[in-house]
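Visitor: I'd like to learn how the labels people put on a protein model are decided. Could we look at one together and check each label as we go?

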Amino acid sequence: MNKILFAITTLFLTGISFSQQEDPNMMRMYEVYTYIDRMYVDDVPNKEISEAAIISMLEKLDPHSTYIPAEEVEQANERINGSFVGVGIRFNILKDTLLVVNPIPGGPSEKLGVRAGDKIIKVDDELVAGVGLKNSGVRERLLGEKGSKVKITILRGKEETIEYTITRDNIPVHSVVSAYMVDDRVGYIKLTNFSRTTQEEVNSAIKTLKKAGMKDLIFDLQGNGGGLLYAAKYVADEFLSDDKLIVYSEGRSQPRSVLVADKKGDFEKGRLVMLIDESSASASEILSGAIQDWDRGLVVGRRSFGKGLVQRPIELSDGAQLRLTIARYYTPSGRFIQKPYEDKQAYRNDYMERYLHGEMMHRDSINLPDSLIHKTLMKDRDVYGGGGIMPDVFVPLDTLEYSDFYRDLSRSGVINTFTLEYANKNRKAIKNKHKDITSFKNDFEVDQAFLDEFFDYAVEQDSSLTFVQEDFDISGDLLKIRLKAMVAQNLWDYEAFYQIFNVKNEIFMEAYKTLKSGTYEKMNLMEN
């Protein structure tokens, strides 16, 4: 008997009912598997049909119940766990060459002396340069068991080759990718997901910024698709005083679960602005919803994604994982913010529908019924459920600087590859002149010579890219800021990117304006 039938039979014998009278549906599944196994004309692809059956079952439930095959579980959990096992490099494949963009601080590669700009030409004596290597191939060769070893051969400069034998270790995947002082009193933290290390990372960032003089905080959740519910609880606890409800959840077979602020947070006082957009989901909505419901801070941006369902990871016997929706969660005011999902295709197309409907440009185009109105818990302000977190301050999507030429450049990938090559080629000279991010931000100029080099490169890489002066007049400033930010990212990491590019982030700039113009005080949030 094959493994599938054995598993089903085991469940049957241990008491899970498959009787025709009690559960005819499960009995029918067992019968189908039995007949396929006994009578099908060819060898039965058991793994494929079982996974197809599992996926089809989940598709009948909700959009967020998912199945992860065993071979994909480790990678899928990296961002949630906050780490993976590897050699510790941030890499890019440039012109069929594996380039070290940056060794990860404290990782095994950095400790051995691997440098940004090194080219990896061999892994365990296997040539990896000029052979069409893909990102997945890099992961297969460089990831592995903790404590295992891998030998790499690098080319440094034009001629020097060096061999390193690297012992793989835990490599952090940071959820706080940028934290800096915008001015002498406003701090900024960018959080990309909610993982097991998020609480520690956010706490450390807040303490560092407070030491630098932070009195107000812009907390950026744009593009943050969520993660661990408990991580959202811990972050909210940094901002909310004790005993305040953060979130509660309940489901058909799950009793009501309540999470409250139960420790002294490091930023319970001070002006707080949360940034959200249409890609802020799940744990991001738990956090921003709690802050909004308690009138603790201002939410700025566009309506969030609208995911109010809780998934539990369930390990299967073969190492695969089921992430099953077990409950709905509610914000402190009682809001259920899950958008409708009965029409799965419409659910997948929701972002485009919002754009076509005009929601990205005009708040007035968002028509929510009065039945979805809830009241905040301190100031009795109107807030909405049923389809995401509605911001207190709406910021339309700014497309005025997006010319056709700029879109073509972005889609072609030449901005990324050029800035990587430029940073690698000029790394030593730039860092000799600019000792830190602040110096680079203030003094590095994307001048005409830089632009000429970029446009020559762009046309060389893609002959369909044609310089259009009228388009450059529209997008030139945005393009220059992005080129500068990307060079900085390749020299220092994401920390530098946000410090430079945020001047072109309309949601960030509106948040900063609310703190400087008195809008925050007009919302009557100061005393919380």
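Visitor: Why does Asp392 count as buried?

Guide: First, keep in mind that this is a predicted model. Now for the label: the relative accessibility of Asp392 is 17%. Buried means under 20%, so Asp392 counts as buried.

Visitor: And what makes Arg381 buried?

Guide: Same kind of check: Arg381 has a relative accessible area of 15%, and the limit for buried is under 20%. So Arg381 is buried.

Visitor: How do you know that Arg381 forms a salt bridge with Asp392?

Guide: Look at the closest N and O atoms of Arg381 and Asp392, which are 2.8 Å apart. The rule asks for a side-chain nitrogen of Lys or Arg within 4 Å of a carboxyl oxygen of Asp or Glu, and this pair fits. Arg381 is in the loop between β19 (373-375) and β20 (382-384), while Asp392 is in the loop between β20 and β21 (393-394), so the bridge ties together parts eleven residues apart in sequence.

Visitor: How many salt bridges does that rule give?

Guide: The count comes to 30. One of them joins the side chains of Arg141 and Glu126, at 2.9 Å from N to O. That pair links distant parts of the chain, with Arg141 in helix α7 (residues 135-142) and Glu126 in strand β6 (residues 126-127), 15 residues apart.

Visitor: Why are Arg141 and Glu126 called partly exposed?

Guide: Partly exposed is what lies between the buried limit of 20% and the exposed limit of 50%. Arg141 has 24% relative accessibility, so Arg141 counts as partly exposed. Glu126 has 35%, so Glu126 gets that label too.

Visitor: What separates Arg354 and Asp350 along helix α12?

Guide: They are four residues apart in helix α12 (residues 350-357), which means about one helical turn separates them. An α-helix has 3.6 residues a turn, so residues three or four places apart point the same way. The side chains of Arg354 and Asp350 meet in a salt bridge, at 2.9 Å from N to O. Both Arg354 and Asp350 are buried.

Visitor: Now some rings. Why is the pair of Phe219 and Phe239 called edge-to-face?

Guide: A search of the whole structure finds 26 aromatic pairs. For Phe219 and Phe239, the ring centres are 5.5 Å apart and the planes are at 75 degrees. Centres have to lie within 6.5 Å to pair, and planes over 60 degrees apart count as edge-to-face, so that's the name this pair gets. Phe219 lies in strand β12 (residues 216-220) and Phe239 in helix α9 (residues 229-239), so the pair ties together parts 20 residues apart in sequence. Both residues, Phe219 and Phe239, are buried.

Visitor: Then what makes the pair of Phe418 and Tyr457 tilted?

Guide: Their planes are at 55 degrees, with the ring centres 5.4 Å apart. Stacked needs under 30 degrees and edge-to-face needs over 60, so this pair is tilted. Phe418 sits in helix α14 (residues 414-433) and Tyr457 in helix α16 (residues 448-461), 39 residues apart. Phe418 and Tyr457 are both buried. Ring pairs also link them into a cluster, whose members include Phe405, Tyr422 and Trp492.

Visitor: How do you know that strands β17 and β18 pair?

Guide: Two strands need at least two bridges to pair, and β17 (residues 309-315) and β18 have seven, in the antiparallel sense. For example, the bridge partner of Val310 is Ala327 in β18. The two strands form a hairpin with five residues between them, and Gly319 in the turn has a positive phi of about 95 degrees. Strand β13 (residues 245-250) is also antiparallel to β18, joined by three bridges.

Visitor: What makes strand β18 mostly covered?

Guide: Count its residues: seven of the ten in β18 (residues 321-330) are buried. Helix α18 (residues 494-501) is mostly covered too, with six of its eight residues buried. What covers those buried residues includes β10 (176-181), β11 (186-191), α15 (437-443) and α17 (469-492).

Visitor: One more: why is Met57 called partly exposed?

Guide: Met57 has a relative accessible area of 41%. That lies between 20% and 50%, so Met57 is partly exposed. Met57, in helix α3 (residues 46-59), joins Met26 and Met29 in a nonpolar surface patch with about 230 Å² of accessible area together.

Technical notes:
Residues are numbered from 1 along each chain as its sequence is written. This is a predicted model: local features need pLDDT of at least 70, side-chain atom pairs count only at pLDDT 80 or more; totals for chains, interfaces and linings use all residues. Side-chain values use heavy atoms; hydrogens and water are left out. Buried means under 20% relative accessible area, exposed over 50%, partly exposed in between (1.4 Å probe, protein chains only). Contact means heavy atoms within 4.5 Å. Patches are made of residues with over 30% relative accessible area and no salt bridge: like charges are joined within 9 Å, nonpolar side chains (Val, Leu, Ile, Met, Phe, Trp, Tyr) within 5 Å. Accessible areas come from the Shrake-Rupley method with a 1.4 Å probe; for residues, only the protein chains shown count as cover. Rings of Phe, Tyr and Trp (its six-membered ring) pair if their centres lie within 6.5 Å; planes under 30 degrees apart count as stacked, over 60 as edge-to-face and the rest as tilted.
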